[in-house]
Amino acid sequence: MTALTAPTRKASSEPAPARRTHRSRPVVRALSLLAALGLWQVLTTLDVQLWLRFDQFPSVTDVAGEFGRRLGDAAYQQDVTASLRRIVTGFLLAAVLGVAAGVAVGRSRWAADLIGPVLEVLRPVPAIALVPVAILLFPSNEQGIVFITFTAAFFPVLVATRHAVRALVPVWEEAVLTLGGGRWRVLASVVLPGALPGIFGGLSVGIGVSWICVISAEMISGEYGIGYRTWQDYTVIDYPAVFTGIVSIGLLGWLTSTVVELVGRRLTHWLPRREGSATS
């Protein structure tokens, strides 16, 4: 007589505690943000003056009201568009040229000797210190700000790519050469895929530094943009508008950083990842 057995349910490869932790992470993050906003509201409402002074700070409700008002303002939308355009243009140029230069310096002794010293001398110079150079070189402020943004992102991408390329295991390249592959095959099948995790590490750093420098450049020599508008609001002592600009910068920076990280995770999907990990 054949024994009847109930169909077994396929067990999940992820442990139950890990699944619960994974589901609770968005809740924890939301509560963390709400707690910070609540603390801000309490400190400003009570006009707390200890070592830090919160009596001049706008409250969360004041900033939220100003932010809602500006969302429908054509000038605010123009500023957001201008800043995003500068970031995207400068960052894409830095990504392409930074990866190309990093691969060249990492793979070629000639490139390392010819352009390496020049890059190493320029790398410690803060991008924002190049504002006078940009004013002298470019016929418009717009091109100068894009140049500052490009410079800010270029060196983190360059350095990360160079180190990633030099860290590749030689046996991979030797295997491709043994099978009859040429230099371009090695580049396409070994160097670029193998260096991708390091490259995207540099891109993640580069996009953050780009925002720092583009906002600073807009404050110094811009005509439009979130940085320019925030500084103008500060000069007329409109603090809710100033904090609206700061919040806008944070949200835009988080958005662009998330896009870079998601693209990196998609292109490096073959990498082993810790269970329950999520995009920050």
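The following questions and answers cover the cavities and some helix contacts of this predicted model.

Trainee: What rules apply to numbering and to the predicted model?
Mentor: Residues are numbered from 1 along each chain as its sequence is written, and side-chain values use heavy atoms, with hydrogens and water left out. This is a predicted model in which local features need pLDDT of at least 70, totals for chains, interfaces and linings use all residues, and side-chain atom pairs count only at pLDDT 80 or more.

Trainee: How many cavities of 30 Å³ or more are there?
Mentor: A cavity is a set of points, on a 1 Å grid over the protein atoms alone, where a 1.4 Å probe fits but cannot get out. Points are joined across faces, edges and corners, and a volume is the space filled by probe spheres set on them. The largest cavity holds about 60 Å³ and the second largest about 50 Å³. The count of cavities of 30 Å³ or more is two.

Trainee: Which helix gives the largest share of the lining of the largest cavity?
Mentor: Lining residues have an atom within 4 Å of a point, and here they include Val131, Ser140, Ile148 and Ser221. Helices are DSSP runs (H or I, at least four residues), numbered from the N terminus. α6 (131-137), α7 (141-166) and α9 (183-221) each supply at least two lining residues. The largest share, four residues, comes from α7.

Trainee: How many charged residues line the second largest cavity?
Mentor: Its lining includes Arg70, Asp79, Arg229 and Asp233, and α3 (74-107), α10 (226-235) and α11 (239-267) each give two or more residues to it. Asp, Glu, Lys and Arg count as charged, Ala, Val, Leu, Ile, Met, Phe, Trp, Tyr, Cys and Pro as nonpolar, and the others, Gly among them, as polar. The lining of the largest cavity has six nonpolar, four polar and no charged residues. That of the second largest has three nonpolar and four polar residues, and its charged residues number four.

Trainee: Are α9 and α11 roughly parallel or antiparallel?
Mentor: Axes are lines fitted to C-alpha atoms, for helices over the stretch in contact, and angles run from 0 to 180 degrees between N-to-C directions. The axes of α9 and α11 lie 10 Å apart, at an angle of about 165°. Angles under 35 degrees count as roughly parallel, over 145 as roughly antiparallel, 65 to 115 as roughly perpendicular and the rest as oblique. α9 and α11 are therefore roughly antiparallel.

Trainee: How many nonpolar residues are in the contact of α9 with α11?
Mentor: Contact means heavy atoms within 4.5 Å. Residues of α9 including Phe200 and Trp211 meet residues of α11 including Leu252 and Val260. The contact has five polar and no charged residues, and the nonpolar ones number eleven.

Trainee: Which residues of α3 meet α11?
Mentor: The axes of α3 and α11 come within 12 Å and cross at roughly 35°. On the α11 side the contact has Ser248, Leu252, Thr256 and Val260. On the α3 side it has Tyr76, Val80, Leu84 and Phe91.

Trainee: How is α2 set against α11, roughly perpendicular or oblique?
Mentor: The axes of α2 (residues 60-71) and α11 come within 9 Å and cross at roughly 70°. That makes α2, relative to α11, roughly perpendicular.

Methods. On a 1 Å grid over the protein atoms alone, a cavity is a set of points where a 1.4 Å probe fits but cannot get out, and a pocket is an open set with protein on both sides within 12 Å along at least five of seven lines; lining residues have an atom within 4 Å of a point.
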